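Open the structure in your viewer and keep the selection tool at hand. The stops below go from the ligand outwards.

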Amino acid sequence: MACIVNFSATTQPNPQPCFASLPASTSSHRSKSPKLQSSHLSFASNNSRLSLRYDRTLAVSPPRETLLSKAPNFMIVAAANKPEPLKIMISGAPASGKGTQCELITQKYGLVHVAAGDLLRAEVAAGSENGRRAKQFMEKGQLVPDEIVVMERLLQPDAHENGWLLDGYPRSLSQATALKEFGFEPDLFILLDVAEDTLVERVVGRRLDPVTGKIYHLKYSPPETEEIAARLTQRFDDTEEKVKLRLRTHHQNVEAVLSMYKDITVKVNGNLSKNDVFAKIDSVLDELLEQRKAGSGSLAANKA
Ligand code: AP5
């Protein structure tokens with residue numbers, strides 16, 4: 001089910017049915033990628049599942065020219081000296097701890113966390129047509145076809161300014177290829193490696209706080225108070241039966257995705273406690289930043 005994603009340098013409309021387009025002024029924030037300096041963005045699909053939602057994303061941002069004209073000069077100088085922000089991908093089987101580690105990473109490094117699953121669940125919760133369709137695939141543990149909300153999120157100014165942490169995307173060769181074609185190249189690809197029995201236990205014990213978005217586990221990360229415990233919810237796909245389907249989908253796709261990022265992949269033992277897992281990730285990110293500050297240019301990751 002091909003998703004036609006056109007990010008052309010012209011303002012020609014996409015010949016396919018186009019679900020959204022973005023005027024030049026809203027898509028022109030800085031990018032090293034020639035493809036992202038384009039003046040017209042359109043996404044289309046011959047069998048689209050999810051469409052873009054510009055109303056609450058780029059379209060509400062003032063043009064960069066406006067921002068710069070209002071900014072004092074010293075801010076511009078500071079921005080010029082600022083090192084390029086980190087761009088990280090985190091991957092792993094269902095319940096391997098991606099979301100948990102992302103909380104810790106964003107707390108320390110201020111990256112924008114972009115979680116494919118969260119974006120899709122937001123569609124489901126909103127009760128939209130796209131969400132309804134997405135849910136049918138999520139319930140079967142399959143990949144939602146043509147989901148493009150991730151690209152939209154990565155293009156927002158905060159992700160550009162602060163760097164991003166992409167969680168659960170890409171999950172297939174076609175998604176990885178599309179990202180590359182758009183110029184989204186990570187500095188580091190973190191792979192959390194967790195034993196299968198542990199994954200099932202983590203899934204069935206997982207609970208979410210709808211107020212803070214925090215991830216809990218009844219045994220490993222219990223809620224801090226009775227009040228929080230009372231409001232915790234469980235994901236509709238967090239059953240033993242469904243996690244097995246999700247695992248199968250993961251195994252079918254993971255090698256192809258890894259092949260795209262093998263030179264920058266760091267495999268982390270995710271069976272340890274969440275703080276120990278974070279300590280490893282933290283040391284790799286620290287090193288990456290040090291290299292960047294030293295201006296070593298290439299950021300080849302150290303293998304774990
Ligand atoms: P998604 O929401 O991404 O689910 P997932 O990949 O199955 O991963 P999870 O969110 O279940 O787990 P996690 O690794 O974040 O673990 P967590 O930190 O919560 O995707 C859901 C669905 O959306 C997919 O099945 C698919 O249908 C669709 N989808 C998503 N991305 C897509 C894409 N790119 N393309 C198409 N479709 C897509 O931890 C789990 C539990 O373990 C928690 O309770 C936590 O407290 C606990 N825990 C975490 N770490 C530790 C630790 N070190 N020790 C002990 N307990 C721990």
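Which polar side-chain atom lies 2.7 Å from a nitrogen atom of the ligand? Select Gln175 together with the ligand: the polar side-chain atom belongs to Gln175, and the 2.7 Å separation is between that atom and the ligand nitrogen. Keep in mind during the tour that this is a predicted model.

Next, add Lys274. Here the contact comes from the backbone, with an N or O atom 3.2 Å from a nitrogen atom of the ligand. Then select Thr100, where an N or O atom of the side chain is 2.6 Å from an oxygen atom of the ligand.

Now show a surface. Of the 1,000 Å² of accessible area that the ligand has on its own, the protein covers 96%.

Widen the selection to the whole shell, which holds 33 residues around the ligand. Thr100, Gln142, Arg171, Arg206 and Arg246 are the closest. Colouring the shell by residue type gives 13 nonpolar, 10 polar and 10 charged residues. Which elements give two or more residues to this shell? They are α3 (98-109), α4 (116-126) and β9 (215-217). The largest share comes from α4, with 4 residues.

Stay with the helices and select α3 together with α12 (residues 274-293). Their axes come within 10 Å and cross at roughly 45°, so α3 is oblique to α12. The crossing of these two helices is right-handed.

Move to α4 and select α5 (residues 129-139) with it. What angle do α4 and α5 make where they pack? The angle is about 125°, and the axes are 7 Å apart. The two helices are therefore oblique to each other. In this pair, α4 passes α5 in a left-handed crossing.

Two backbone details remain, both in loops. Most residues other than glycine have a negative phi, and most peptide bonds are trans.

Select Tyr169 and Pro170. The peptide bond that joins them is cis, with omega about 0°. Pro170 sits in the loop between β6 (164-167) and α8 (173-181).

Finish at Ala95, in the loop between β4 (87-92) and α3. Its phi is near 65°, a positive value in a residue that is not glycine.

Notes: Residues are numbered from 1 along each chain as its sequence is written. This is a predicted model: local features need pLDDT of at least 70, side-chain atom pairs count only at pLDDT 80 or more; totals for chains, interfaces and linings use all residues. Side-chain values use heavy atoms; hydrogens and water are left out. A residue is near a molecule or strand if one of its heavy atoms lies within 4 Å of it. A polar contact is a pair of N or O atoms within 3.5 Å; within protein, one must be able to donate a hydrogen and the other to accept it, and residues adjacent in sequence count only if both atoms are side-chain atoms. Accessible areas come from the Shrake-Rupley method with a 1.4 Å probe; for residues, only the protein chains shown count as cover. Ala, Val, Leu, Ile, Met, Phe, Trp, Tyr, Cys and Pro count as nonpolar, Asp, Glu, Lys and Arg as charged, and the others, Gly among them, as polar. Axes are lines fitted to C-alpha atoms, for helices over the stretch in contact, and angles run from 0 to 180 degrees between N-to-C directions. Angles under 35 degrees count as roughly parallel, over 145 as roughly antiparallel, 65 to 115 as roughly perpendicular and the rest as oblique. A crossing is left-handed if the near helix is turned anticlockwise from the far one by less than a right angle, and right-handed if clockwise.
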